[in-house]
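Student: I would like to learn how to read a model of this kind feature by feature, with the general idea set out before the particular case. Could we take the structure itself as our guide?

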Amino acid sequence: MKKVITYGTYDLLHYGHIRLLERAKALGDYLIVGVTADDFDKTRGKINVQQSLMERLEAVRATGIADEIIVEEYEGQKIDDIRRYGVDIFTVGSDWKGKFDYLNEYCRVVYLERTEGISSSELREKKRQICLGLVGESLLLDKFEKESHYVNGIVVSGIYTGNEDFLPDSVKSSYTRFETYEELLEYSDAVYIVSHPTKHYEQVKKALLSGKHVLCESPMAMSREECEEVYELAEKKGCILMEAIKTAYSTAYCRLLLLAKSGVIGEVVSVDSVCTSLRDINSLNPLDISNEWNSICYWGPNAMLPIFQLLGSQYAERSIAAHFADEAKKFDMFTKIDFIYHNAVASLKVGNGVKSEGELVISGTKGYIYVPAPWWKTDYFEIRYENPNDNKRYFYQLDGEGIRYEIVAFVKSIEMGKINSYIDKDVSLSIAGIVGDLYNGNQVKSF
Ligand code: C2G
């Protein structure tokens with residue numbers, strides 16, 4: 001029996017795929033089809049896959065062409081499979097010509113002519129493009145715009161900013177700059193907001209009232225009540241409202257959360273996170289300080305994310321100690337917050353003007369998870385035990401700091417008509433609550 005193997009993503013299965021499978025089958029007597037796992041696709045840069053692995057496996061099975069279907073999960077697996085299954089021929093479309101010649105060492109390699117005029121990415125693009133308006137005054141706009149090019153299904157409609165200085169020439173020259181927010185909304189289906197946090201609530205609300213979907217940098221509002229209000233408004237308007245904290249979308253961060261919740265370190269007893277950056281705040285005049293993001297807004301959401309995602313928001317006590325740079329006590333240069341839960345504790349330190357070791361430590365009754373600085377750009381973490389020989393290390397590639405995955409989640413939410421956010425509403429509300437407490441000086445000790 002002559003065994004043939006081929007691999008693919010097979011997203012939105014189309015006749016180009018089917019013709020390939022039919023010709024692959026005709027090369028031998030038994031065809032094995034390897035369908036790529038979601039993570040493997042992400043690792044190799046295919047982040048726009050619309051269908052889940054199960055849907056893609058089912059679609060290939062339903063063709064009735066494959067004699068066996070396997071999942072391709074890691075780089076190099078093809079060699080393992082060829083050996084394991086005793087494969088005689090590896091085949092793939094001619095768009096890969098030359099890329100798999102190294103497999104000639106293990107079996108015959110055949111490149112089959114690719115079917116022109118059809119591709120999964122064209123099918124994805126054919127769906128209505130979402131016009132996305134960029135709103136705000138932050139260098140993050142530039143990063144976001146660059147990352148948006150990796151995501152199928154969106155096109156930037158234009159920009160509304162209160163301060164053009166934040167826009168690099170490349171962005172300025174590429175897009176319409178709307179004079180008013182209302183005008184931007186008119187030409188957009190959705191908006192990404194990264195204005196000064198004190199503007200977020202009003203801008204989110206105005207977009208939702210206009211029936212636009214919203215992806216807004218955290219904090220989305222300066223109080224729990226305002227945050228609750230915009231979530232309710234989104235529900236009422238049938239719009240997607242998603243909070244943007246790019247760390248939440250990094251594969252490594254998602255994995256460490258799952259591992260912590262799965263009990264590999266026993267019960268989580270403490271979560272300690274530190275996020276800081278150095279800004280020469282003291283040299284700024286009061287007006288400039290008011291345009292800067294203070295520590296609780298700039299780093300607070302990131303630092304609070306693992307605490308609320310692992311321990312929840314029902315803490316019994318919390319204490320906030322802040323060092324302010326201004327008389328009005330609105331700009332915290334450094335803030336330490338301690339939470340006491342029923343059976344755990346948590347602490348965070350954030351600084352925009354004070355530098356510390358930006359690590360995340362999740363302590364448990366069997367071991368702990370250690371994420372080195374800058375932990376919020378999570379691509380690596382360790383699980384450490386009493387016996388260092390038991391320690392485990394994990395690395396997951398992080399492209400674009402997680403922003404492109406965040407955009408993919410936002411676009412998928414809009415296309416599916418239901419929220420696909422990695423940040424639960426309850427976490428979002430808790431973050432806004434703490435931000436509000438600090439702004440309102442609610443039980444805040446200043447030092
Ligand atoms: N294909 C084709 N004609 C098309 C589109 C795709 O012949 N119009 C072939 C591809 O060449 C590939 C298979 O169909 O052999 C599956 O294509 P994709 O799902 O796009 O996956 P791809 O990443 O190209 O698969 O490691 C090998 C890769 O996984 C190959």
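Student: Which residues touch the most other members of the largest nonpolar core?

Tutor: The general idea is that in soluble globular proteins nonpolar side chains tend to be buried together. In this model, which is a predicted one, the largest nonpolar core has 81 residues, and Tyr 192 and Ile 296 touch the most other members. Helix H15 (residues 403-416) gives the largest share of this core, with 8 residues, and the core draws at least three residues from each of domain 2 (122-245) and domain 3 (248-446).

Student: Which residues does Ile 296 touch, not counting residues up to four places away in sequence?

Tutor: With those set aside, Ile 296 touches Pro 301, Met 304, Asp 332, Ile 337 and Val 350, and also Ile 434, Val 435, Leu 438 and Tyr 439. Apart from the largest core lies another core, of 24 residues, which includes Val 135, Leu 184, Ile 193 and Val 204.

Student: How is the protein chain divided into domains?

Tutor: The assignment gives domain 1 (3-119), domain 2 (122-245) and domain 3 (248-446). The centres of domain 1 and domain 2, taken over C-alpha atoms, are separated by 38 Å, and the contact takes 10 residues from domain 1 and 7 residues from domain 2.

Student: What is the strand order in the open sheet of 9 strands?

Tutor: As a general matter, strands of a sheet pair through backbone hydrogen bonds, either parallel or antiparallel. Here the order is E18-E17-E16-E15-E11-E14-E13-E12-E19, and the pairing is mixed. Strand E18 (392-395) and strand E19 (444-446) each have a single partner strand and stand at the edges, so one side of each is left without a neighbour in the sheet. On average, and with direction ignored, neighbouring strands of this sheet are turned by 15 degrees against each other.

Student: Where can I see the mixed pairing of that sheet in detail?

Tutor: Strand E11 is a good place to look. E11 and E15 run antiparallel and are joined by 5 bridges, with Val 271 standing opposite Ile 362 in E15, whereas E11 and strand E14 (residues 345-352) run parallel and are joined by 8 bridges, with Asp 272 standing opposite Ser 347 in E14. E11 is also mostly covered, since 8 of its 10 residues are buried. Elsewhere in the sheet, strand E16 (residues 368-371) and strand E17 (residues 380-384) pair in the antiparallel sense over 3 bridges, and Ile 369 stands opposite Ile 383 in E17.

Student: Which strands does helix H11 touch as it packs on the sheet?

Tutor: Helix H11 (residues 251-262) touches strand E11 (268-277), strand E15 (360-364), E16, E17 and E18, and its direction makes about 20 degrees with that of E17. Helix H16 (residues 425-439) lies across strand E12 (317-324), strand E13 (332-340) and E19, and runs at about 50 degrees to E12.

Student: What is the handedness of the β-α-β crossover from E6 to E7?

Tutor: Strand E6 (residues 130-136) and E7 pair in the parallel sense over 6 bridges, with Cys 131 opposite Val 155 in E7. The chain crosses from E6 through helix H6 (residues 140-148) to E7, and this crossover is right-handed. Of the 7 residues of strand E7 (residues 154-160), 5 are buried.

Student: Where do Lys 329 and Pro 374 lie, and what is unusual in the backbone there?

Tutor: The background is that most residues other than glycine have a negative phi, and most peptide bonds are trans. Lys 329, in the loop between E12 and E13, has a positive phi of about 55 degrees although it is not a glycine, and with a relative accessible area of 41% Lys 329 is partly exposed. Gln 443, in the loop between H16 and E19, also has a positive phi, near 55 degrees, and at 61% relative accessibility Gln 443 counts as exposed, because the cut-off for that term is over 50%. As for peptide bonds, the one from Ala 373 to Pro 374 is cis, with omega near -10 degrees, and Pro 374 is in the loop between E16 and E17. Another cis peptide bond joins Ser 218 and Pro 219, with omega about 0 degrees, and Pro 219 lies in the loop between strand E9 (213-217) and helix H10 (224-237).

How values were computed: Residues are numbered from 1 along each chain as its sequence is written. This is a predicted model: local features need pLDDT of at least 70, side-chain atom pairs count only at pLDDT 80 or more; totals for chains, interfaces and linings use all residues. Side-chain values use heavy atoms; hydrogens and water are left out. Buried means under 20% relative accessible area, exposed over 50%, partly exposed in between (1.4 Å probe, protein chains only). Helices (H or I, at least four residues) and strands (E, at least two) are DSSP runs, numbered from the N terminus. Two strands pair if DSSP finds at least two bridges between them. A crossover is right-handed if, with the strands pointing away from the viewer, the path from the first strand over the helix to the second runs clockwise. A nonpolar core is a set of buried Ala, Val, Leu, Ile, Met, Phe, Trp, Tyr and Cys residues joined through side-chain atoms within 4.5 Å. Domain bounds come from an automatic or database domain assignment. Contact means heavy atoms within 4.5 Å. Axes are lines fitted to C-alpha atoms, for helices over the stretch in contact, and angles run from 0 to 180 degrees between N-to-C directions.
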